[in-house]
Amino acid sequence: MKFGTKAIHSGLEPDPATGAIMTPIYQTSTYVQDGVGKNKGYEYSRTLNPTRHALEKNLAAIENGKFGACFGSGLAAIDCVIKMLNPGDEVISTNDLYGGSYRIFTTIFEKYGIKFHFVPMHNTKTIEEKINDNTKLIWIETPTNPMMNIIDVKAVATIAKKNNVLLAVDNTFATPYLQNPLDLGADIVMHSATKYLGGHSDVVMGALVVNDEKIAKEIYRIQNSSGAVCGPQDAFLVLRGIKTLHLRMQRHCENGKIIAEFLAAHPKVEKVYWPGFTSHPNHTVAKAQMRDFGGMISFSLKGNKLEDALNIVTKLQLFALAESLGGVESLIGHPATMTHAAIPKVEREKIGIVDSLIRLSVGVEDADDLLTDLNNALN
Ligand SMILES: *Cc1c(COP(=O)(O)O)cnc(C)c1O
């Protein structure tokens with residue numbers, strides 16, 4: 001079955017009680033049992049809820065995995081992955097990383113005795129240098145946020161397998177429509193469903209998808225024991241969002257290309273970061289592991305002045321100034337003062353987050369209107 005068909009049909013059946021074609025929002029905490037130990041597959045909604053269950057099956061299908069698990073946020077999903085580790089274990093992570101992931105690793109899990117190494121990964125040698133007997137997990141994000149670096153998932157998976165280390169990929173930016181890390185050799189795929197999967201900026205949710213039954217059991221054990229599950233209403237919203245994921249992503253990609261090319265040709269723009277350009281340092285890897293290049297773009301300004309960036313960001317009419325990404329509406333962010341403000345300026349600039357860097361989440365509006373808006377703000 002192809003992607004769009006799976007997105008619309010996988011995991012979903014007409015409601016057995018009524019025939020309702022849409023999975024109902026099973027807003028219930030518990031389930032009446034036929035007798036002691038005799039139930040219809042559901043006992044308590046922290047453990048399993050039918051609306052969430054349908055979404056978990058659907059997500060597994062679109063990521064080409066066997067098991068899905070949904071959480072109250074993307075960070076709750078990351079929390080679950082790290083809880084599979086023990087004190088003394090070590091993790092090697094990308095250095096160009098979602099700020100919240102960096103925060104949970106360093107301010108929550110380091111104090112429980114888990115050690116994190118942050119290395120650049122566009123050259124996989126940096127990973128091999130850090131691997132030792134305590135290494136249990138490699139954590140990668142590709143494309144990265146906000147520099148749009150691409151990491152070769154297959155190459156990292158080979159290193160992980162050789163050293164008997166788990167590989168987890170944060171696939172939030174690419175979505176399962178553009179990239180399927182399990183097919184490339186990863187063990188765990190993580191999503192902030194808040195972004196493209198939900199797609200309408202109306203829900204906060206996270207998800208994990210795996211193939212291995214042992215890993216899945218461990219994830220379900222932690223999901224049930226720690227209890228960071230999503231509610232049925234949110235599961236319903238994300239199920240609805242996924243039905244149009246392929247359509248939305250097609251338009252995000254089309255608009256992304258138009259806007260990246262417009263920016264690259266604009267005299268006020270210094271540099272555009274978008275993996276679709278043949279000049280992008282990892283374009284070949286992006287082309288091999290992704291189906292298209294997405295709607296996330298970062299760019300810097302000539303002269304690199306903070307006030308110029310802030311001016312543009314506030315002058316835009318259609319691009320709304322906000323954290324987050326992946327919704328149908330276009331958003332704009334300023335990493336140095338928003339998402340990455342917690343990173344010291346010198347550190348920030350080492351990875352390219354200069355004062356004039358602007359990040360766009362290109363929506364699915366009409367490209368002409370988006371271009372007019374950008375052109376007016378830039379001029
Ligand atoms: C938003 C985001 C997260 C965190 O997800 P929440 O749903 O906000 O908890 C993790 N990784 C990436 C790449 C994200 O964009």
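Here are some notes on the predicted model above, covering the ligand site, the two sheets and a few backbone details.

1. **The ligand shell.** A good place to start is the ligand, which has 14 residues around it. The closest are Gly-74, Asp-170, Ser-192, Thr-194 and Lys-195. By residue type, the shell divides into six nonpolar, five polar and three charged residues.

2. **Polar contacts to the ligand.** Three pairs of atoms deserve a look in your viewer. Thr-194 uses its side chain: one of its polar atoms lies 2.6 Å from a ligand oxygen. Gly-74 and Leu-75 use the backbone instead. For Gly-74, a backbone N or O atom is 2.9 Å from an oxygen atom of the ligand, and for Leu-75 a backbone N or O atom is likewise 2.9 Å from a ligand oxygen. On its own the ligand has 380 Å² of accessible area, and the protein covers 93% of it. Two elements, α3 (74-82) and β6 (188-192), each give two or more residues to the shell.

3. **The seven-stranded sheet.** Strand β6 also has a place in an open, mixed sheet of seven strands, ordered β1-β7-β6-β5-β4-β2-β3. At the edges stand β1 (67-71) and β3 (115-119); each has a single partner strand, so one side of each has no neighbour in the sheet. On average, neighbouring strands here are turned by 20° against each other, direction ignored.

4. **Inside that sheet.** Which way do strands β4 and β5 pair, parallel or antiparallel? Strand β4 (residues 135-141) and strand β5 (residues 166-170) are parallel, with five bridges between them. If you want a pair to find by eye, try Trp-139, whose bridge partner in β5 is Ala-168. Helix α4 (residues 99-109) lies across β2 (90-94), β3, β4 and β5, and runs at about 150° to β3.

5. **The five-stranded sheet.** A further open sheet holds five strands in the order β8-β9-β12-β11-β10, again with mixed pairing. Its edge strands, β8 (269-273) and β10 (320-321), each pair on one side only. As a reminder, strands of a sheet pair through backbone hydrogen bonds, in either a parallel or an antiparallel sense. Strands β8 and β9 (residues 296-301) run antiparallel and are joined by four bridges. Val-272 is one residue to check here, as its bridge partner in β9 is Phe-299. Helix α10 (residues 245-265) packs on this sheet, where it touches β8, β9 and β12 (358-361); the helix direction makes about 10° with that of β9.

6. **Two cis peptide bonds.** Where do the prolines Pro-143 and Pro-146 lie? Pro-143 is in the loop between β4 and α6 (153-162), and Pro-146 is in the loop between β4 and α6 too. The bond joining Thr-142 and Pro-143 is cis, with omega about -5°. The bond from Asn-145 to Pro-146 is cis as well, and its omega is near 5°.

7. **A positive phi.** Asn-164 is a residue other than glycine with a positive phi, near 60°. Its place is in the loop between α6 and β5. For context, most residues other than glycine have a negative phi, and most peptide bonds are trans. With that in mind, you may like to view Asn-164 and the two cis bonds together: Asn-164 has its positive phi, the Thr-142 to Pro-143 bond is cis, and so is the bond from Asn-145 to Pro-146.

Notes. Residues are numbered from 1 along each chain as its sequence is written. This is a predicted model: local features need pLDDT of at least 70, side-chain atom pairs count only at pLDDT 80 or more; totals for chains, interfaces and linings use all residues. Side-chain values use heavy atoms; hydrogens and water are left out. A residue is near a molecule or strand if one of its heavy atoms lies within 4 Å of it. A polar contact is a pair of N or O atoms within 3.5 Å; within protein, one must be able to donate a hydrogen and the other to accept it, and residues adjacent in sequence count only if both atoms are side-chain atoms. Accessible areas come from the Shrake-Rupley method with a 1.4 Å probe; for residues, only the protein chains shown count as cover. Ala, Val, Leu, Ile, Met, Phe, Trp, Tyr, Cys and Pro count as nonpolar, Asp, Glu, Lys and Arg as charged, and the others, Gly among them, as polar. Two strands pair if DSSP finds at least two bridges between them. Axes are lines fitted to C-alpha atoms, for helices over the stretch in contact, and angles run from 0 to 180 degrees between N-to-C directions. Contact means heavy atoms within 4.5 Å.
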